[in-house]
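Subject: Structure handover

Hello,

Here is the structure we talked about. Please load it first, then read the notes below it.

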Amino acid sequence: MLFPTIDSHLLYDLLKKKGIQNFHHANTVKTSLTFINSGALLSRGYVETEGLTQTEQFTDTKDKKVGIWDSVFLDGTDLHRKFLRPNKYGPVLFYIDLNVLIGRDFPKVRVTRSNPVKWNSTENNFYESIEDIERDYLTGDKFKDGQIMFLFDTPKRKVLLKEYCRKIIVDDPKKGIIYPNQTQKTICEMLKATIENALLNASLKNIKVEIRHADEDLC
């Protein structure tokens, strides 16, 4: 099945002009640890085929039906910050350098016109020209911006973290665990330490992990 694609270099130039520096990918803790252990953001199809661990998503059945099961999804903006709400796909956010568009791995990408959860068929779901993306994206319609996603497809179905991941953000639910000796540790601190240990074991220790909301109450 063939779908419209956009030249990655043209998309890079457009997004830079619109002030985008990074892509974003949010996911659950379980799936994020699989990514780190594998050294890459992976398509859900790849994870399933390789027998790796991931959290089920309510969109899985439809993703298979409409031809995006083997894609890696990235957002141009931080949807948590944009909509002032927790990210629906999970509390771990990977920052992926926009330079992924000008490397050798992804000469073309697909760009959705709307969130795939709303699709009823496989037709007319992707932008066909850079001009149409320029007209629609980041032009004042915040809801539409949140619907537009960037799909990365390669035979390996992965986006390498060592080359493109700049940092990982962990959302802080501001909940903690009190131990019998009355010492307390926040869930977010435990999660940050778990991710940092996984990064170290995967030879990705240069990727920094930050806690969101440690000193702010954004939501």
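Trp 119 is buried, at a relative accessible area of 3%. Its aromatic partner is Phe 126. The two rings meet edge-to-face, 5.3 Å centre to centre, with 75 degrees between the planes. Phe 126 is buried too, at 2% relative accessibility. Keep in mind that this is a predicted model.

A second edge-to-face pair joins Tyr 137 and Phe 150. Here the centres are 5.6 Å apart and the planes make an angle of 75 degrees. Tyr 137 lies in the loop between α6 (130-136) and α7 (142-147), while Phe 150 belongs to strand β7 (residues 150-152), so the pair ties together parts 13 residues apart in sequence. Relative accessibility is 0% for Tyr 137. For Phe 150 the value is 0% as well. Because buried means under 20% relative accessible area, Tyr 137 counts as buried, and so does Phe 150.

Tyr 137 and Phe 150 also belong to an aromatic cluster, together with Phe 23, Phe 106 and Phe 152. The whole structure holds seven aromatic pairs.

Two lysines sit over rings. The charged end of Lys 64 is over Trp 69, 4.7 Å from the ring centre. The charged end of Lys 167 is over Tyr 95, also 4.7 Å from the ring centre. Lys 167, in β9, is the bridge partner of Tyr 95 as well. Their strands, β5 (residues 92-97) and β9 (residues 165-171), pair antiparallel over five bridges.

Now the sheet. Four strands make an open, mixed sheet, ordered β2-β5-β9-β12. β2 (22-27) and β12 (208-212) are the edge strands; each has a single partner, so one side of each has no neighbour in the sheet. From one strand to the next, the twist averages 25 degrees. Helix α9 (residues 187-201) lies across β5, β9 and β12. The angle between α9 and β12 is about 165 degrees.

Next, helix α2 (residues 29-38). Thr 31, Ser 32, Thr 34, Phe 35 and Ile 36 are buried there. Gly 39 follows α2, with a positive phi near 75 degrees.

Last, the totals. The protein chain has nine helices and 12 strands. Of its 219 residues, 47% are buried. Among contacts between residues at least 6 apart in sequence, 77% join residues at least 24 apart. The accessible surface is about 11,600 Å², and carbon and sulfur atoms account for 50% of that surface.

Best wishes

Terms used
Residues numbered from 1 in each chain as written. Predicted model: local features only at pLDDT ≥ 70, side-chain atom pairs only at ≥ 80, totals over all residues. Heavy atoms only, no water. Helix = DSSP H or I, 4+ residues; strand = E, 2+ residues; numbered from the N terminus. Buried < 20%, exposed > 50% of the residue type's maximum accessible area, 1.4 Å probe, protein only. Contact = heavy atoms within 4.5 Å. Areas by Shrake-Rupley, 256 points an atom, 1.4 Å probe, with all protein chains shown as cover. Pairing = 2+ DSSP bridges. Axes fitted to C-alpha atoms, helices over the stretch in contact; angles between N-to-C directions. Phe/Tyr/Trp six-rings, centres within 6.5 Å; stacked < 30°, edge-to-face > 60°. Lys NZ or Arg CZ within 6 Å of the ring centre and 35° of its normal.
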